[in-house]
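Biologist: Hey, got a minute to walk me through this one? I'd like to go chain by chain and then look at the ligand.

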Amino acid sequence: MLDLRGISTGYGKAQVLFDVSFTVNPGEVVCLVGRNGAGKTTMMRAIMALLPLWQGEVEIGGKPVSSLPAHCIAAEGLGYIPQGRRLFTELTVQQNLDIGLMVSGGGEDMLARIFALFPRLEERRLQRAETLSGGEQQMLATARALCTNPSTLLLDEPSEGLQPSMIALVREVITRMRAENMGVLLVEQRVDTILSIADRVVFLENGRIAETADIATLRAKPERLNGYLGV
Amino acid sequence: MDLGPYLLLASLEGAITASILALTAVGLSLVFGVMRVVNVAHGEFFMLGAVASWFVATYLGTHPAIGFIAALLIAPLLVGALAATADWLVLRRINYDPERTIVATIGLLYILQQGTLMTFGPDARPVEPPFNQRLAIPWPSFEGGFHLTWPWGLGTTSYKLFIIAAAITILFGLWVLMSRTKIGLIMRATQLDRDMAQAFGIPVERVYALVFGLGAGLAALAAVLIVPVQQAHYLMGGDPLLLSFIVVIIGGLGSLPGTVIAAVLIGLSDGIISVFFSPTLAKILATLLVALVLVFRPQGLLGKRIA
Ligand SMILES: Nc1ncnc2c1ncn2[C@@H]1O[C@H](COP(=O)(O)OP(=O)(O)O)[C@@H](O)[C@H]1O
Ligand SMILES: [Mg+2]
């Protein structure tokens with residue numbers, strides 16, 4: 001379980017997030033929705049301790065983690081799939097995954113499960129990450145995060161710039177992870193994806209939570225999404 | 001002597017310069033590549049390696065070979081530990097900010113230099129080579145049928161050949177470390193994306209301390225190798241620093257293979273031009289080459305354009 005309590009942060013003197021609180025439960029997909037510049041990526045970075053908190057607390061499974069250094073967060077159970085993939089471009093597919101495996105101490109059996117999810121990656125094991133197609137890079141970014149054996153997955157616009165078949169794969173993987181009782185925090189701009197896989201939607205507006213809606217009410221009035229998505 | 005043997009002799013001297021330069025510059029390149037820190041004190045770590053080598057050889061060496069082997073092991077470790085400490089106490093606290101680290105390492109340069117002057121003194125001190133047989137080099141002659149001649153003055157010493165072999169071995173070891181080991185993988189991941197490295201559990205600050213120590217240790221190792229030929233002196237860090245910068249810029253910032261290639265290029269041409277013309281001309285040409293690289297290929301021979 002990922003618990004955010006009253007988080008405020010920003011860059012330099014510019015505050016970006018204002019008193020943000022919400023929870024991602026195990027087996028739940030929470031979508032973070034907001035316009036460009038609303039602070040979604042900043043939220044992810046703050047959760048991963050890549051940005052110091054000005055106020056508030058992040059708890060993972062009830063344990064406060066905001067006093068931990070950034071490199072300890074992954075081991076607490078957060079798997080991060082950042083916006084724009086941010087792979088270790090000059091390393092091979094295998095080496096990218098090895099970095100993830102160092103967090104969990106996982107071995108060949110864990111790798112085998114992940115390759116079962118993404119057979120294409122196994123074929124490309126020894127290829128450098130920068131030579132992969134966009135879709136394959138997204139697979140690798142996802143696989144790298146799964147290698148850390150997370151309890152909660154953070155995905156920042158995973159379908160950005162992908163072709164439809166790849167977007168479908170991203171959705172399928174998220175659905176599977178939810179079925180394995182993983183919590184998922186997903187930043188997503190596509191209405192159809194949000195409506196088909198979210199359990200709850202948190203709307204972020206200028207760094208503040210504007211409202212939270214469960215998916216049933218949203219499906220009844222999907223036009224409510226539009227106000228938060230316009231570019 | 002004819003031109004041929006002369007050229008061979010000059011290349012040999014150049015190869016020694018290249019070996020020492022490659023080790024030193026690779027240390028600088030590693031630190032810049034992984035940490036984005038321009039370490040102005042790098043030459044002082046070279047100097048400290050030579051000075052530490054003198055202390056170890058003097059106080060531990062009952063026999064030159066024992067003293068030398070002890071220096072080869074102890075000096076780089078000492079210097080590396082000192083550098084890692086400096087990183088932890090100074091660079092980490094200023095958050096590896098590019099401008100402030102330059103100022104901080106300039107400060108470090110003077111502290112190390114003056115500290116050495118106060119303890120080691122202003123004199124140049126020799127360290128005995130562990131072995132130093134003179135080796136004459138044969139030269140083929142075709143006058144009156146093929147036979148080998150032994151031109152007077154064409155020769156080297158076993159120790160000089162050892163320097164070249166040692167440098168090649170160490171560079172190979174470094175290549176294995178960077179490309180075949182877990183710690184190498186961690187260093188490369190940190191170099192490629194510091195934030196993502198942290199998000200995937202890599203303790204970046206500790207990696208930085210290690211890299212800074214390793215970079216300094218390589219400079220120190222180079223100095224231990226050269227000090228039997230060159231003597232230890234508290235001001236000896238200037239030239240290696242300048243030449244390392246030249247090599248790192250030509251090779252491509254942060255590219256280890258590029259650095260090695262550029263070191264060989266600069267070292268060999270330095271040796272050859274020094275013998276046939278003058279050492280000053282060699283330095284002028286090297287500096288000119290840097291200017292040309294900066295104008296026409298700013299990313300260096302093997303460097304990547306930084307976005
Ligand atoms: N590294 C940074 N330094 C300064 N300001 C930043 C930085 N990254 C993002 N911002 C600012 O923070 C705000 C939120 O950005 P971001 O979290 O990336 O938004 P989103 O992911 O919702 O599009 C924007 O106004 C952006 O300009
Ligand atoms: Mg974003």
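Modeller: Sure, we can talk through chain B, its contact with the other chain, and the ligand.

Modeller: Keep in mind that this is a predicted model.

Biologist: OK, how many helices and strands does chain B have?

Modeller: Chain B has 11 helices and 4 strands.

Biologist: And how does its radius of gyration sit against the globule rule?

Modeller: The radius of gyration of chain B is 20 Å, and the globule rule gives 19 Å for 307 residues, so chain B is as compact as a globular protein of that length. Along the principal axes, its C-alpha atoms fill a box of roughly 75 × 50 × 35 Å.

Biologist: What share of chain B counts as buried?

Modeller: 45% of the 307 residues. Also, if you take the contacts in chain B with a separation of 6 or more, 75% of them come from residues 24 or more positions apart.

Biologist: Switching to helix packing. At what angle do α6 and α8 of chain B pack?

Modeller: About 110°, with the axes 10 Å apart; α6(B) covers residues 182-192 and α8(B) covers 204-230. Angles from 65 to 115 degrees count as roughly perpendicular, so that is what α6(B) and α8(B) are to each other.

Biologist: Which residues meet there?

Modeller: From α6(B) you have B:I186, B:M187 and B:T190, and they meet B:V204, B:V207 and B:V211 of α8(B). By class, that contact has 5 nonpolar residues, 1 polar and no charged ones.

Biologist: Now the contact between the chains. How many residues does each one put in?

Modeller: Chain B gives 14 residues and chain A gives 20. On the chain B side, the elements that give two or more residues are α6 and α7, the latter being 194-199. That side of chain B splits into 9 nonpolar, 2 polar and 3 charged residues.

Biologist: And ligand 1, what surrounds it?

Modeller: Residues of chain A, including A:Y11, A:V16, A:N36, A:K40, A:T41 and A:T42. Helix α1 of chain A, residues 40-47, gives the most to that shell, with 3 residues. By class, the shell around ligand 1 has 3 nonpolar, 6 polar and 1 charged residues.

Biologist: Last one: where is B:T58, and why is it called partly exposed?

Modeller: B:T58 lies in helix α2 of chain B, residues 42-60. It has 13 other C-beta atoms within 10 Å, so it comes out as partly exposed; 12 or fewer would make a residue exposed, and 20 or more buried. B:T58 and B:A263 are 205 residues apart in sequence and 31 Å apart in space, C-alpha to C-alpha.

Key: Residues are numbered from 1 along each chain as its sequence is written. Chains are lettered from A and ligands numbered from 1 in the order in which they are written. This is a predicted model: local features need pLDDT of at least 70, side-chain atom pairs count only at pLDDT 80 or more; totals for chains, interfaces and linings use all residues. Axes are lines fitted to C-alpha atoms, for helices over the stretch in contact, and angles run from 0 to 180 degrees between N-to-C directions. Angles under 35 degrees count as roughly parallel, over 145 as roughly antiparallel, 65 to 115 as roughly perpendicular and the rest as oblique. Two residues are in contact if their C-beta atoms, placed from the backbone, lie within 7 Å. Ala, Val, Leu, Ile, Met, Phe, Trp, Tyr, Cys and Pro count as nonpolar, Asp, Glu, Lys and Arg as charged, and the others, Gly among them, as polar. A residue is near a molecule or strand if its C-beta atom, placed from the backbone, lies within 6 Å of it. The radius of gyration is taken over C-alpha atoms; the globule rule is 2.2 Å times the number of residues to the power 0.38.
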